[in-house]
Amino acid sequence: MLFEAQYTRKKKEDRPVVAICYDFDKTLSPADMQAQGYIQSVGYNVDDFWNASNKLAADNDMDTNLAYMYKMLDEARGKFVFNRKALEDYGSRVQLFKGVEDWFGRIKKYADEKGVIVEHYIISSGLKEMIEGTSVAKSGAFERIYASSFYYDDRGEAKWPAQVINYTNKTQFLFRIEKGVLDNNDPVVNDYFPEEEIRVPFRNMVYIGDSDTDVPCMRLVNAYGGHSIGVYNAETNDKDKVFKMMYENRIKYFAPADYTENSELDKLVKTIIDRTVANEKLENFHYRNKKEYMKNTVTEVKKES
């Protein structure tokens, strides 16, 4: 008997759903997650670690994310057990931008008061296990965390990449969110869905990121009427990346990565939620008119025949 996986699928809600999708490193956290304890623990300078990882990728025509995952696993050998717990422990030390801790609940509450469901998703090339170790993930902030991860043997030790996410294949997860087909291997994501059955239309998606690795997702969201936001570190005030993305029409908006209440980003996202309320009322008029038109057209065809 063939194995058949059971998948989680979400149906369209009776209220509009806004999906806010985030990169992680330098979007929710000011630095790469691996550089906030792990790299130092295996005896590397941060720049030297990434240089060695990138050289490994270049010398072997290797995906850069596979290279850093291999490098992490290899450098841990003989130093500590490289398992899920160790990675979650490193994740618990990851610093978050100001306001991130209460951002997710606060935005969901605001949306709920407006009659909108907000869901938060991570789409990251970083490590899922480390993200799961953060306080916000442990509090249940995220609907799903799509990130690179390891396969673990029966002793719990990491042995092989289970999932590798790079800047181009990030976009598949937007389609999963759109259709409510959330599991990584669920093939239904490729099925046709009528417009009225789409759970999260792209117009109701927000993508928040910081750099070129987010461009494919930003472009996709933009192309279908959604909202892309570039963020930058308010302490360094370095806007070069967001200015470049704005110039190239990759993003619609940019703001400091300050997630506190009444910050620029807070006001921007709340305005998007407010706009969604009005947009969805218009869409409901459109669907009703279209349905009546189609019904009338069928009736006229029957009369003529």
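**Exercise 1. Work out how exposed F254 is and what surrounds it.**

Start with the accessibility: F254 has a relative accessible area of 27%, so it is partly exposed. The scale behind that word: buried is under 20% relative accessible area, exposed is over 50%, and partly exposed is in between, with a 1.4 Å probe and protein chains only. Keep in mind that this is a predicted model, where local features need pLDDT of at least 70, side-chain atom pairs count only at pLDDT 80 or more, and totals for chains, interfaces and linings use all residues. Residues are numbered from 1 along each chain as its sequence is written, and side-chain values use heavy atoms, with hydrogens and water left out.

Next, place the residue: F254 sits in strand β7, residues 253–256. Helices (H or I, at least four residues) and strands (E, at least two) are DSSP runs, numbered from the N terminus.

Now list the contacts, meaning heavy atoms within 4.5 Å. Skipping neighbours within four places in sequence, F254 touches I229, G230, Y232, V242, F243, M246 and E264. Finally, check a distance: the C-alpha atoms of F254 and L265 are 8.2 Å apart, with the two positions 11 residues apart in sequence numbering.

**Exercise 2. Find out whether S125 is buried or exposed, and which residues it contacts.**

First, the location: S125 belongs to strand β2, residues 117–127. Its relative accessible area is 17%, so S125 is buried.

Then go through the partners. Beyond the neighbours within four places in sequence, S125 is in contact with N65, Y68, S148, I165, N166, Y167 and K170. Take K170 from that list: it is 45 residues away from S125 along the chain, yet their C-alpha atoms are separated by 8.2 Å.

**Exercise 3. Compare T27 with K26, starting from where each one lies.**

Both go in the loop between β1 and α1: T27 is found there, and K26 is too. β1 covers 17–22, and α1 covers 38–41.

Accessibility separates them. T27 comes out at 0%, so it counts as buried, while K26 has 34% and is therefore partly exposed. For T27, the contacts outside four places in sequence are F97, I208, G209, D210, V231, A257 and Y259. For K26, look at the backbone: phi is positive, about 70°, although K26 is not a glycine.

Want another such case? N237 has a phi near 55°, again positive in a residue other than glycine. N237 is placed in the loop between β6 and α10, and at 46% relative accessibility it counts as partly exposed.

**Exercise 4. Identify the buried residues of α4 and say what covers them.**

Read off the residues: A86, L87, Y90 and G91 are buried in α4. They cover an arc of only 140° around the axis, which means they lie on the same side of α4. That arc is the one spanned by the directions from the helix axis to the C-beta atoms.

Now for the cover, which includes α1, α3 (64–76), β2, α6 (128–132) and β3 (144–152).

**Exercise 5. Do the same for helix α9, then look just past its end.**

The buried residues of α9 (215–223) are V215, C217, M218, L220, V221 and N222. Their cover includes α8 (171–179), β5 (205–209), β6 (227–232) and α10 (240–247). Just after the helix, G225 takes a positive phi of about 90°.

**Exercise 6. Describe where K98 lies and which residues it contacts.**

K98 is in the loop between α4 (84–92) and α5 (100–113). With 56% relative accessibility, K98 counts as exposed. Leaving out neighbours within four places in sequence, K98 contacts A257, D258, Y259 and T260. As for G43, it is 55 residues from K98 in sequence and 29 Å away, C-alpha to C-alpha.

**Exercise 7. Sum up the whole chain: how many helices and strands does it have, and what fraction is buried?**

Count the elements: the protein chain has 11 helices and 7 strands. Then the burial: 49% of its 305 residues count as buried. Last, the contacts: among those between residues at least 6 apart in sequence, 64% join residues at least 24 apart.
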